[in-house]
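Trainee: I have a new model open and would like to go through it with you. Can we take it piece by piece?

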Amino acid sequence: VPERLPPVAEVFSFTKMPSHGGHVSVALLNAGDVRVLASLETDLAEMNIGQSVRLVAVPDPPVLRAEPL
Amino acid sequence: MSEVRIAGAGLPPFGKFPDRSVVDLAVEAIILALDSAGIVPAEIDAAFFGAAGGFGLGQRVMVALGCGGVPIVNTENACASSAAAFYLAQLGIRAGEFRRCLVVGAHSYSSNPSAGAGALASTEPDFATGLTLPGLYALIARRHMSEHGTTPRQLALVAVKNHSNGALNPRAHHRGALTVEEVLASRMIADPLTLYQCCARTDGAAALVLSGVPGDKGPKVRSCVLLSGAVGTSSGSKSWGVDLVSQTAGTVWEQSSVAPSDVDVFEVHDAFTIGELVSYEALGLCDEGESGPMVERNETGLGGAHPVNSSGGLLARGHPVAATGAAMLAEIALQLTDSAGPHQVPSPRLGVAETMGGGTSGISGNACVITLLERGTR
């Protein structure tokens with residue numbers, strides 16, 4: 001996780017989209033004073049706007065992943 | 001500074017035209033616009049093109065027209081490409097640099113499937129997460145639903161309204177009416193947005209003749225503002241792009257001393273249903289969070305107090321990305337000259353076209369262009 005980002009962020013919104021024959025989910029997060037996009041591997045039914053998530057840096061591809069606390 | 005008028009508008013039907021090139025589409029629109037203005041190509045001082053994909057669209061079109069020796073500018077600003085071309089052309093006339101300009105937008109997904117919207121560019125940082133443009137708008141939709149209680153039915157009503165309008169518009173790509181049930185039962189594209197809540201990949205072109213020549217008639221450009229988003233995205237309460245549309249609209253209202261409630265007909269950027277709802281709020285047609293109830297009351301339907309996307313909008317008329325801005329402006333010009341057709345709004349005096357371009361990470365909108373037009377003598 002980049003140094004400028006806190007380890008925990010708040011879910012601003014999320015969605016699930018078809019991608020390459022499967023589906024991908026992403027979450028838009030308020031992380032400190034910036035908004036970042038992160039991939040999501042959680043069932044959307046378990047997600048809520050405003051909930052806190054942990055930010056994890058994934059190297060390949062280089063994205064942030066949001067994990068429920 | 002010169003007064004600027006839309007002296008002619010060319011808006012051929014949109015659709016899927018696999019046997020026609022983007023140049024063919026543009027030439028047809030230009031001929032209609034020149035004919036509508038009652039002028040010949042030699043009376044054009046400069047040409048501004050909205051283009052997405054490939055080099056030199058404007059030059060290729062002008063060669064096909066046999067019209068050379070004037071400045072040709074190609075602009076790319078995603079969905080706002082030809083609206084940005086319009087912005088530049090009217091600035092050129094106001095500055096006294098040109099007397100009459102062509103503004104053209106043309107796009108063919110059939111002949112160039114990779115050009116334009118659909119997915120973010122693979123070089124964009126957000127692309128790595130799998131985010132698509134429908135996904136970007138889905139994030140706005142889910143936030144709006146959570147924050148303001150907007151319902152799936154209210155989102156679907158935008159598609160129902162615009163397809164109902166498109167069914168009346170002979171220039172629309174999709175001319176079939178839809179029910180709320182059909183919209184909600186269509187395939188999920190980006191949760192909560194279903195297929196019929198997403199614009200189509202349409203082929204089409206639109207052209208306008210802008211004039212600063214005294215005596216030329218047509219709708220007057222009261223205000224035309226282009227703003228681009230701030231770099232970086234702060235973690236405020238607003239979704240992507242909403243602030244940008246709001247700021248652009250605020251500048252238009254301030255410049256013109258017109259209130260949103262004074263405007264008789266709007267074309268707004270409904271690439272996805274939620275895009276139209278947040279546009280109501282950003283333009284000032286209703287308070288924040290009130291757009292869902294507003295569409296439910298049909299205030300923005302053809303017979304409502306503030307008709308929005310009487311053409312069918314991007315959802316039904318279609319969204320040939322580089323042509324959309326010019327098409328919106330042509331539609332408003334047709335409305336203000338009582339020439340729109342079966343979807344004509346009764347005698348509008350003021351009309352607004354709002355176009356939003358996106359798809360770049362780290363900025364809250366490539367460009368938003370909002371133009372206020374006023375009925376002229378004809």
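Trainee: Which residues of α4(B) are buried?
Mentor: In α4(B) they are Leu133(B), Pro134(B), Gly135(B), Leu136(B), Tyr137(B), Ala138(B), Leu139(B), Ile140(B), Ala141(B), Arg142(B), Arg143(B) and His144(B). Buried means under 20% relative accessible area, exposed over 50%, and partly exposed in between, with a 1.4 Å probe and protein chains only. Before going on: this is a predicted model, where local features need pLDDT of at least 70, side-chain atom pairs count only at pLDDT 80 or more, and totals for chains, interfaces and linings use all residues. Residues are numbered from 1 along each chain as its sequence is written, chains are lettered from A and ligands numbered from 1 in the order in which they are written, and side-chain values use heavy atoms, with hydrogens and water left out.

Trainee: How many residues of α4(B) does that make, out of what total?
Mentor: 12 of its 16 residues are buried, so α4(B) is mostly covered.

Trainee: What span should α4(B) have?
Mentor: Its 16 residues should span 22 Å at 1.5 Å a residue, and the end C-alpha atoms are 22 Å apart, which agrees. The expected span is 1.5 Å times one less than the number of residues. After α4(B) comes Gly149(B), with a positive phi near 75°.

Trainee: How many helices and strands are there in chain B?
Mentor: Chain B has 11 helices and 11 strands. Helices (H or I, at least four residues) and strands (E, at least two) are DSSP runs, numbered from the N terminus.

Trainee: What about chain A, how many of each?
Mentor: Chain A has zero helices and five strands. Buried residues make up 46% of its 69 residues, whereas in chain B 61% of the 378 residues count as buried.

Trainee: What radius of gyration does each chain have?
Mentor: Chain B has 19 Å, which agrees with the value near 21 Å for a compact globule of 378 residues. Chain A has 11 Å, which agrees with a value near 11 Å for 69 residues. The radius is taken over C-alpha atoms, and the globule rule is 2.2 Å times the number of residues to the power 0.38. The C-alpha trace of chain B spans about 55 × 40 × 40 Å along its principal axes; that of chain A spans about 35 × 25 × 20 Å.

Trainee: Back to helices. Which residues of α7(B) are buried?
Mentor: They are Val242(B), Leu244(B), Val245(B), Thr248(B), Ala249(B), Val252(B), Trp253(B) and Ser256(B). They cover an arc of only 165° around the axis, which puts them on the same side of α7(B). The arc is that of the directions from the helix axis to the C-beta atoms.

Trainee: And which residues are exposed on the other side of α7(B)?
Mentor: Glu254(B) and Gln255(B) are exposed there. Gly250(B), also in helix α7 of chain B, counts as partly exposed at 31% relative accessibility.

Trainee: What do the buried residues of α7(B) pack against?
Mentor: They pack against β8 (220-227), β9 (265-267), α8 (273-283), β10 (350-357) and β11 (367-374) of chain B. Contact means heavy atoms within 4.5 Å.

Trainee: Where does the largest nonpolar core have the most contacts?
Mentor: At Phe86(B), Leu208(B), Phe266(B) and Ile274(B), in a core of 97 residues. Its largest share, nine residues, comes from helix α11 (residues 324-336) of chain B. Apart from it lies another core of 26 residues, among them Val27(B) and Ala47(B). A nonpolar core is a set of buried Ala, Val, Leu, Ile, Met, Phe, Trp, Tyr and Cys residues joined through side-chain atoms within 4.5 Å.

Trainee: What is Ile274(B) in contact with?
Mentor: Leaving aside neighbours within four places in sequence, Ile274(B) is in contact with Tyr137(B), Ile140(B), Ala141(B), His144(B), Leu155(B) and Leu193(B). Tyr137(B), Ile140(B), Ala141(B) and His144(B) are among the buried residues of α4(B).

Trainee: One last residue: how far apart are Leu168(B) and Pro342(B)?
Mentor: They are 5.7 Å apart in space, C-alpha to C-alpha, and 174 residues apart in sequence. Leu168(B) lies in helix α5 (residues 152-168) of chain B and is partly exposed, with a relative accessible area of 35%.
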